[in-house]
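Reader: Please pick one buried spot in this structure and take me through it slowly, then outward to whatever lies around it. I am a first-year student, so explain each term when it comes up.

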Amino acid sequence: MSSSALSRQDVASTHLYRAVWRWHFYANFKEFTFAAALTLASLYGVAKSQAHQSSIGDLVIEHAWSRETKATDDVAAGFMNIVNNGPEADTLISVTATISDKVQLHNMRMNGDRMEMFEMADGIEIPADATVQLKPKSLHVMFFKIKDHPKQGDEFHGTLTFKKAGTVDVEFMVEPPDAGME
Amino acid sequence: MRTKLKLAIIGMTALCAVILIAAAQMLSHTAQTAYVEIGGPFKLASSKGGELDSTSLIGKPYGVFFGFTHCPEVCPTTLYEMTKTLKDIGDNAKDFRLLFITVDPERDTAPILKDYLSNFDPRIEGLTPTPGQLPQIAKAFHVYYERVNASYGEYTMNHTATIYLMDRDGHFKSTIAYDESKESRMQKIKNLYTE
């Protein structure tokens, strides 16, 4: 009686052991799948962000972007990071874009409670070994008389011309109308 | 000698008193005028059609913000933030109005303001002064604006980026600065109803 009870316990523990093993294997497999998916996703992300940068000489242009506009809007602003990995300063002197024939380099600053905007007629200097950010409430590209209103998620083509490095192609990613307004 | 000295002291004291009184009067006078002078009656073309007469606002608190539609940053940011703030306040500020007065009437006609404001809270109303009315309304609110020429014959505008809050009686109450937190914006608008 006692031996049969024991054997039943054994049987039960064997079942339990198998169940645990199976679960363990399954869980491991799930983890593996999850890890693989994560790796693929991050690889895709890296590939995509690398795709969304361009370079010329020692200069790297990262994440050029603009905001979605309404059909009635007349102006838009463009932003990006410009990284200079070289030992010499360069100057961004002009920008073109498919959405506008009148593109300018502007700066904005708050002077007390006054908002002041002005054109950077001599261009924007990119010092040696430095990153210059064109960003909301600061330096930006100004697109006047926009003739095209790409939607969020679209891209539009443009070029940047530097005094020394020359001209490089960029794609401006179109982000939501309130992007960067926090 | 002594009487001369006494007279001189009395004279000096009297002179000091006169100067002090005059200074105090000047100070109290400027304080008074500074309070009274922000805002003032107006009648301007509205994005909601016709003209908005400030007398129709009596009994309703309102805010005034000067800007222009070709503004890439301060104006849309302020309008987005005020839209969020007004949405959160909801019906507690049902009759509140934010008046967006253009400093660029040449380009911003009332129908253009209507299109421009269509994505924002319906309590935001655009106003276009005539070129003659603009300096008057700007002076009434102590607002600075300036046209800045840019290449290709384009231009932009520098302007004060503060929102002026007016109470039910049309008197200046407080301001909301550019970059002020949402909590602070909400509190200041709520104060127009509770005080």
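**From Thr102(B) outward**

Author: Thr102(B) is buried, with a relative accessible area of 0%; buried means under 20%, exposed over 50% and partly exposed in between, using a 1.4 Å probe and protein chains only. The model is predicted, so local features need pLDDT of at least 70 and side-chain atom pairs count only at pLDDT 80 or more, while totals for chains, interfaces and linings use all residues. Residues are numbered from 1 along each chain as its sequence is written, chains are lettered from A and ligands numbered from 1 in the order in which they are written, and side-chain values use heavy atoms, with hydrogens and water left out.

Thr102(B) belongs to strand 4 of chain B, residues 97-102. Helices (H or I, at least four residues) and strands (E, at least two) are DSSP runs, numbered from the N terminus. With residues up to four places away in sequence left out, Thr102(B) touches several others, including Phe68(B), Leu113(B), Leu127(B) and Pro129(B); a contact is a pair of heavy atoms within 4.5 Å. Asp108(B) is also on that list, and its side chain makes a polar contact of 2.7 Å with the side chain of Thr102(B). A polar contact is a pair of N or O atoms within 3.5 Å; within protein, one must be able to donate a hydrogen and the other to accept it, and residues adjacent in sequence count only if both atoms are side-chain atoms.

Leu113(B) leads to helix 3 of chain B (residues 110-117), whose buried residues are Ala110(B), Leu113(B), Tyr116(B) and Leu117(B). They cover an arc of only 115° around the axis, so they lie on the same side of helix 3 of chain B; the arc is that of the directions from the helix axis to the C-beta atoms. The buried residues of this helix pack against strand 4, along with strand 1 (43-46), helix 2 (74-89) and strand 5 (124-128) of chain B. The face turned away from the buried side carries the exposed residues Pro111(B) and Lys114(B).

Helix 2 of chain B also holds Glu81(B), while Arg185(B) sits 104 residues apart in helix 5 (residues 182-194) of chain B. Their side chains form a salt bridge of 2.8 Å, N to O, a salt bridge being a side-chain nitrogen of Lys or Arg within 4 Å of a carboxyl oxygen of Asp or Glu. Both Glu81(B) and Arg185(B) are buried.

Now the other chain. The contact takes 32 residues from chain B and 30 residues from chain A. About 2600 Å² is buried between chain B and chain A, and carbon and sulfur atoms give 56% of it; buried area is the accessible area (1.4 Å probe) that two parts lose on being put together, summed over both. Pro72(B), Glu73(B) and Tyr152(B) supply 22% of the area that chain B buries against chain A, more than any other three residues. Glu73(B) also forms a salt bridge with Arg67(A), at 3.4 Å from N to O. The interface of chain B and chain A has 4 salt bridges by the rule. Helix 2, helix 3 and strand 7 (155-160) of chain B are the elements that give two or more residues to the side of chain B touching chain A.
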